[in-house]
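The following exercises are to be worked with the sequence and the model side by side. Each task is followed by a solution in steps.

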Amino acid sequence: MKKIIPIIVLVVLIIGGVGVYFYFQNIDNQNTELENKMSTASKAYFEEYVSANDSNNIYKVTLQDLEKANQQGENYDLKGLEQCDKEETFANITINYKNGKAKETQVELKC
């Protein structure tokens with residue numbers, strides 16, 4: 001009987017550890033999905049509204065910018081970003097000066 005209690009405790013700890021792992025894995029997957037949405041919308045916004053002749057090598061597109069563009073007729077997929085801070089959630093877009101296109105994005109979520 002005394003040998004069963006440590007085994008039960010060990011099994012409960014293992015199951016709890018696996019549960020915590022999957023919980024954090026799910027949160028990470030949700031953040032990756034939201035980062036991808038923000039990145040895609042920011043690149044499209046950049047292509048539509050920003051001049052590549054700006055002297056900046058990095059351009060910041062906020063969630064607020066994307067929402068304003070949607071109000072003006074664009075159709076960026078921002079589903080899931082409703083609870084995010086409108087000014088603190090942004091993407092920094094690195095510009096490729098050879099062709100004026102967006103080269104890379106780095107997304108910062110504040111949800």
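**Exercise 1. The sheet**

Which residue in β3 is the bridge partner of Ala 91?

Solution. The coordinates are a predicted model, in which local features need pLDDT of at least 70, side-chain atom pairs count only at pLDDT 80 or more, and totals for chains, interfaces and linings use all residues. Residues are numbered from 1 along each chain as its sequence is written, and side-chain values use heavy atoms, with hydrogens and water left out.

Step 1. The bridge partner of Ala 91 in β3 is Val 107. Strands (E, at least two residues) and helices (H or I, at least four) are DSSP runs, numbered from the N terminus.

Step 2. Ile 93 likewise has a residue of β3 opposite, namely Thr 105. In total, seven bridges connect β2 with β3, and the two strands run antiparallel; pairing requires that DSSP find at least two bridges between two strands.

Step 3. The hairpin of β2 and β3 has four residues between its strands, and Gly 100 there adopts a positive phi near 75 degrees.

Step 4. On β1 (residues 58–62), five bridges lead to β2, again in antiparallel fashion. Thr 62 stands opposite Phe 90 of β2.

Step 5. The outcome is an open sheet of three strands, ordered β1-β2-β3, with antiparallel pairing. Because β1 and β3 each have a single partner strand, they stand at the edges, and one side of each lacks a neighbour in the sheet. From one strand to the next, the twist averages 25 degrees.

**Exercise 2. The helices**

Describe how α1 is placed against α2 and against the strands.

Solution. Step 1. Two packed helices are described by the angle between their axes and the distance between the axes. For α1 (residues 4–49) and α2 (residues 63–71), the angle is about 65 degrees and the axes are 10 Å apart. Axes are lines fitted to C-alpha atoms, for helices over the stretch in contact, and angles run from 0 to 180 degrees between N-to-C directions.

Step 2. The contact (heavy atoms within 4.5 Å) involves Met 38, Ala 41, Ser 42, Tyr 45 and Tyr 49 from α1, together with Leu 63, Asp 65, Leu 66 and Ala 69 from α2. Sorted by class, these comprise seven nonpolar, one polar and one charged residues.

Step 3. α1 also lies across β1, β2 and β3, and runs at about 140 degrees to β3.

**Exercise 3. The disulfide**

Which residues does a disulfide join, and is each of them buried or exposed?

Solution. Step 1. Searching the whole structure yields one disulfide, defined as a pair of cysteine sulfur atoms within 2.5 Å. The link runs from Cys 84 to Cys 111, with an S to S distance of 1.8 Å.

Step 2. The angle about the S-S bond is 75 degrees, and the link of Cys 84 and Cys 111 is right-handed. Cys 84 belongs to the loop between α2 and β2 (90–96), while Cys 111 belongs to the segment after β3 (101–108); the two are 27 residues apart.

Step 3. Cys 84 is buried (under 20% relative accessible area, with a 1.4 Å probe and protein chains only; over 50% is exposed, and partly exposed lies in between), its value being 4%. Cys 111, at 60%, is exposed.

**Exercise 4. A loop residue**

Locate Lys 79 and name its contacts.

Solution. Step 1. Lys 79 lies in the loop between α2 and β2 and is exposed, at 61% relative accessible area.

Step 2. Apart from neighbours within four places in sequence, Lys 79 is in contact with Leu 34 and Lys 37. Its C-alpha atom is separated by 10 Å from that of Glu 33, 46 residues away along the chain.

Terms used:
Nonpolar A, V, L, I, M, F, W, Y, C, P; charged D, E, K, R; others polar.
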